Amino acid sequence: MSALICEVVYRGIFQKNLASRITRGIVLSARKAGRWGIAFGRYGDSPQRNGIPAKDFAIVADTKEELEQNMARYEPKHVDVTICVDDTLSKGVESWAWYGLQPINKLTVPNGTLLMTSLQSPESLLKDIHKKDAPYKLSLIPAKASFAGLWVYREDHTEVRILGALAKIAPDFLTLDAVSQAIKESEWGSDLKVASAKKAYERIETREIKMTEGNGEIPFSFEMPKWWEMREGVTIPAIPVGKPKEAGKGYVPERNPYFKKYTTRTMRPVIDFDTCVKCNLCWISCPDSVFDVMPDGTFDAAMEACCGCGVCEAVCPVEHCVTMVNEQAFDDNASQWEMWRKDKAAYKTWLGTKIADKKTTVRSHGFRFRGQYDQELKAELDSGGVEITAGIPGENAAHKTV
Amino acid sequence: MAVVETKAAQAASEDKELLISGSEAVAEALTLADLDVVTAYPIRPYDTVMQAIAKKISGGQLTAEYIVAEGEHSQFEIVKHASTVGARVFCGSSGVGWAYAMECLVVTPPLRVPMICLVGNRALDDPGAFGVEHNDALFVRDLGWMLCWIDTSQEAFDTTLIAYRVAEDRRVFLPCAISADGAFLTHSQAITMVASKEKVDRFLPRYNRGDLLLHPDNPITVAPQANEDWVIEIRRQNDEAMKRAYTVIEEAYADFRKVFGRGPENPWFEEYMTEDADVILIGMGTISLPMKVGIRNMRAQGKKVGLVRLRWFRPFPTEKIVAALSKAKAIGVVDRNYSFGSPFASGVVANEIRAALYNSDKRPPLLSFISGLGGREVTLEDVYKAADLCYSAATSGKSDARTHWLGVRE
Ligand code: SF4
Ligand code: SF4
C-alpha cells in the first residue's frame with residue numbers, strides 16, 4: 001500500500017463538521033511522516049440538508065504523483081477504510097442525488113475495513129449491512145451517533161476516537177504518535193482529546209466478515225435516463241394520483257419511483273392505531289406525504305417516503321400515539337398497520353417494546369428538548385473512561401448546557 | 001393557444017400599406033398574431049414598441065394583458081411564466097435594461113419558453129447614451145437564445161411573425177430576440193406592407209405547449225434543483241433544440257414566401273452584389289444602408305465590392321456563410337460592437353466568422369473593423385476606407401492582424 005483512501009459516510013448537517021475534522025485529521029496526521037494528502041467532500045451531496053447521507057474523503061499517498069492518480073476522479077471507486085459515524089447508515093447510503101441505494105460497504109476494498117461508531121453488536125449491525133462479494137473487517141468503536149454538526153458542534157470526541165482507531169487499522173500511514181501530534185496541533189485539540197484517541201486505539205474491536213454474512217437484500221437501484229429520454233424544459237411529470245387502499249376505501253398516493261428515503265431518516269414514527277382519534281393532523285402536516293389513509297380511517301406511515309423529521313409526533317394530539325424511534329431498532333420497512341390488523345395484541349407488544357427500549361431507541365439530533373444530547377452524553381456515552389462533558393474547549397462548555 | 005381573442009381585428013382579407021417605424025411594424029405584427037400577454041418597462045429605444053402596443057390595445061384592435069412591471073427583471077419573469085401556461089407573449093428592452101433582466105434571460109432557454117423580444121439596440125452604460133451598439137443583445141449569444149438583426153420596418157413586421165412561428169415550434173421552443181438598431185430603425189418611419197389577418201392566420205398556428213404546459217390537467221414540476229447528474233443532459237437538450245432551429249427557420253421562410261408572396265430565399269443573410277465581388281463587407285442591421293450606397297459608388301469606379309448583411313446570428317449559418325465568403329479575395333467585417341481583449345481585439349461578428357472559416361479550404365484574408373458605436377454615423381468614407389484596406393489585403397493575400405476603428409477621432 002502506498003496510498004490510503006478513506007471515506008467518511010455521515011449525515012447532512014448533523015455531522016458535516018465532524019466528517020471534515022476526520023478527513024482533515026487523516027491528512028494532517030499522515031503529513032507527519034512526510035506524506036501528501038487531500039480532503040474533500042462529494043460535491044453532489046447535499047450536506048446542508050438534515051440527515052441526508054453524504055460523503056467526505058481523505059486520500060494520503062507517498063508521492064504527489066500517486067496522490068494525483070487517486071484524485072483524478074469525482075469519487076474514489078475503492079476505499080481502504082469506510083468510516084461510518086452513524087450506525088443507522090448501515091442500511092446503506094441513498095444520497096440526495098438519486099443514485100439509488102449504495103450499500104455502506106460498497107466501496108470498501110476486499111480485506112479493507114468498515115469502521116463504525118455504534119452501541120450495537122456486529123451481529124445486530126449485519127442484519128442491515130449488505131452482503132459483500134469479498135471478505136472485509138468490521139471495526140467498532142462503542143459510541144452513539146455524534147451530533148457534531150453544521151450549526152452546533154458537540155464536543156463528544158468522536159473525531160479523535162476515529163483517528164485513534166485508524167492508527168490501529170492503518171499504522172503504516174498513521175501512527176498513534178502522529179495522530180496524537182496532529183490532534184494536539186489542531187485548533188480543536190487538547191490533552192483530553194489525545195487521551196480519548198489513545199483509548200479508542202486500545203478499545204477498538206475488529207471482526208472478520210465473511211462473504212456469507214450480511215443482509216441479502218438486493219439494494220434498490222435505478223438507471224438514469226438519457227438526455228433524449230428526459231422531458232424537455234427542465235420539466236418533471238408529477239407523481240400520478242393514487243388509489244383507494246382496498247374495496248374503494250382509504251387512499252394510497254403514488255410515490256416517486258426513483259428517490260426512496262429508506263436511509264434518509266435516523267428515526268421513524270411508530271403508531272398506536274388503537275388510540276388514534278383519526279384527527280388527520282399527521283396526514284396534513286407530514287412534509288413528505290408519507291401517510292396512507294387506511295380503510296378504517298387511521299393512518300399508516302409508508303417507510304419508502306419518510307425522512308424521519310418527527311413532525312407527526314409533534315402534531316399528534318394523543319399522548320404516545322405517534323412515537324419517534326431510532327431507525328436502528330428496525331430491520332425492515334413493513335407496514336405497521338398490516339401488522340396491527342393481523343394481530344392486535346402482538347402489535348401492542350411490539351409497539352411497547354420499541355417505545356420502552358430507551359437505550360437503543362432514544363436519538364437526539366436535538367429535536368425533542370434542548371440539552372437532550374448533553375444528558376445522553378453524560379448518561380450513556382462510552383468515552384473510554386474519561387468524563388468529557390466538563391471542562392472541554394469549545395462552545396459545549398458546562399455553562400451552556402441546559 | 002390564445003388566452004383571449006382579439007375583438008376588433010382589421011378587415012380580414014386586406015393587405016394595407018402604412019408609413020410606420022420598425023417598432024410600430026412589430027406592433028402591427030403582434031396585433032395580427034393575436035398576442036396574449038405583454039409586459040412593459042420603459043427604456044429608449046425599445047419603449048417605442050411598448051407605446052405602439054398600448055395604442056393598439058387602447059384602440060380596441062388588440063385584446064391582450066398589458067402589464068407594466070416595476071423593472072425589467074419582473075418584466076421578463078412575468079412573460080416567462082405566462083408562456084408556460086400557454087400564452088403567446090412579447091417583451092423587450094434595451095441596453096442596461098436588458099442587462100437588468102439577465103437572470104430571467106438566462107433561465108428562459110432551458111425552460112424552453114418561446115418568448116419573443118424586441119431588443120432596441122442601445123449602448124451600454126457608462127456613459128449613459130441612447131445610440132445603437134449591439135453588445136446588449138449579444139449578452140445572450142451563448143445561452144440558447146435565437147438572435148436576429150433586422151434592417152427595415154418591413155423586415156421588422158415579417159420577422160416578428162417568423163420568430164413566433166419558429167420559436168413556438170415544438171421542435172425548437174426557444175426564445176428569440178429580434179434586434180433593431182436604436183433610432184435608425186426604431187424611430188424612422190418607412191412604407192411597410194402590413195398583411196391581412198387571414199394570411200397571418202394561415203402562416204402562424206396557435207401556440208401549443210403540449211406536455212410542457214403548466215396546467216392542473218397536466219401536473220408537472222418546472223425548474224427543480226438538479227446536480228451534476230442532470231445538468232449536462234439538460235444542456236444537450238438545448239443544444240439539440242438550437243440545431244433543429246436551422247430546419248425550422250428554413251421551413252418558416254419558405255412558407256412565409258408561399259403565403260405572403262415575398263421574403264428572402266436565403267433566411268440567414270442578405271447578399272448584395274456579391275456575385276462577382278472581389279471584396280465582401282459584412283455587417284448586421286441598418287449599417288447596410290451606407291454600405292450599399294458606398295458599394296454602388298465604388299462599383300461606378302470599377303471596384304467590385306459586395307455586402308453580406310447577416311440576419312440570423314443564432315443559430316449561426318456557418319456553412320452558408322463560409323460558402324458565400326470563401327469566394328471573395330478579401331473580406332471585411334464591420335462590427336457595431338466590441339469585445340475587449342478578444343482575439344485580435346475584434347468585434348464579436350469578426351471572431352465568429354474567423355472561427356467559421358477555420359475549417360474551410362479557402363480562407364480569404366479577413367479584416368476586422370469597429371464602427372458606429374454609440375449610434376455614431378457610419379459614413380461613406382468609413383465604407384470606402386474599409387473596402388480599400390480589404391483591397392490591399394486581397395493584393396497581399398494576408399489578413400491584417402489589426403482591428404481598425406472607423407470614424408474615431410484620432
Ligand atoms: S417523521 Fe412523520 S412527519 Fe416526518 S416524514 Fe416521517 S411520517 Fe412524515
Ligand atoms: S395525528 Fe395522531 S391521532 Fe391524529 S390521525 Fe394522526 S396518528 Fe391519529
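Trainee: Why is B:Lys258 called exposed?

Mentor: This is a predicted model, by the way. B:Lys258 has a relative accessible area of 68%. The label exposed asks for over 50%, so B:Lys258 earns it.

Trainee: And what makes B:Asp255 partly exposed?

Mentor: B:Asp255 comes in at 26% relative accessibility. Buried would need under 20% and exposed over 50%, so B:Asp255 falls in between and counts as partly exposed.

Trainee: How do you know that B:Lys258 and B:Asp255 form a salt bridge?

Mentor: Look at the closest N and O atoms of B:Lys258 and B:Asp255: they are 3.5 Å apart. The cut-off is within 4 Å, for a Lys or Arg side-chain nitrogen and an Asp or Glu carboxyl oxygen, so the pair qualifies. Both residues sit in helix H9 of chain B, three residues apart, which means about one helical turn separates them.

Trainee: What makes B:Lys197 and B:Asp201 a salt bridge?

Mentor: Same kind of check: the closest N and O atoms of this pair are 3.1 Å apart, and within 4 Å is what the rule wants. These two share helix H8 (residues 197-203) of chain B and lie four residues apart, about one turn of the helix. As for their surroundings, B:Lys197 is buried at 16%, while B:Asp201 is partly exposed at 44%.

Trainee: Why are A:Lys91 and A:Glu327 called buried?

Mentor: A:Lys91 has a relative accessible area of 11%, and A:Glu327 has 1%. Buried means under 20%, so both names fit the label. Their side chains meet in a salt bridge, 2.9 Å from N to O. The pair links distant parts of the chain, 236 residues apart: A:Lys91 is in the loop between strands S4 and S5 of chain A, and A:Glu327 is in the loop between strand S12 and helix H9 of chain A.

Trainee: How many salt bridges does the structure hold over all chains?

Mentor: There are 57. Some join up: A:Arg231, A:Glu232, B:Arg112, B:Arg170, B:Asp211 and B:Arg244 are linked in a network.

Trainee: Let's turn to the domains. Which domains does the assignment of chain B give?

Mentor: Chain B gets domain 1 (4-260) and domain 2 (269-405). Their centres, taken over C-alpha atoms, are 28 Å apart.

Trainee: How do you know that domain 1 and domain 2 of chain B touch?

Mentor: Contact means heavy atoms within 4.5 Å, and 28 residues of domain 1 are in contact with 27 residues of domain 2. Together the two domains of chain B bury about 2,300 Å², 56% of it on carbon and sulfur atoms. On the domain 1 side, B:Arg141, B:Trp149 and B:Asp151 lose the most area, together 23% of what that side buries.

Trainee: What links the two domains of chain B, in terms of salt bridges and polar contacts?

Mentor: The count between them is seven salt bridges, and 18 residue pairs are in polar contact across the interface. Helix H9 (231-260) of chain B gives the largest share of the domain 1 side, six residues. By class, that side has 18 nonpolar, three polar and seven charged residues.

Key
Residues are numbered from 1 along each chain as its sequence is written. Chains are lettered from A and ligands numbered from 1 in the order in which they are written. This is a predicted model: local features need pLDDT of at least 70, side-chain atom pairs count only at pLDDT 80 or more; totals for chains, interfaces and linings use all residues. Side-chain values use heavy atoms; hydrogens and water are left out. Domain bounds come from an automatic or database domain assignment. Buried area is the accessible area (1.4 Å probe) that two parts lose on being put together, summed over both. A polar contact is a pair of N or O atoms within 3.5 Å; within protein, one must be able to donate a hydrogen and the other to accept it, and residues adjacent in sequence count only if both atoms are side-chain atoms. Ala, Val, Leu, Ile, Met, Phe, Trp, Tyr, Cys and Pro count as nonpolar, Asp, Glu, Lys and Arg as charged, and the others, Gly among them, as polar. Buried means under 20% relative accessible area, exposed over 50%, partly exposed in between (1.4 Å probe, protein chains only).
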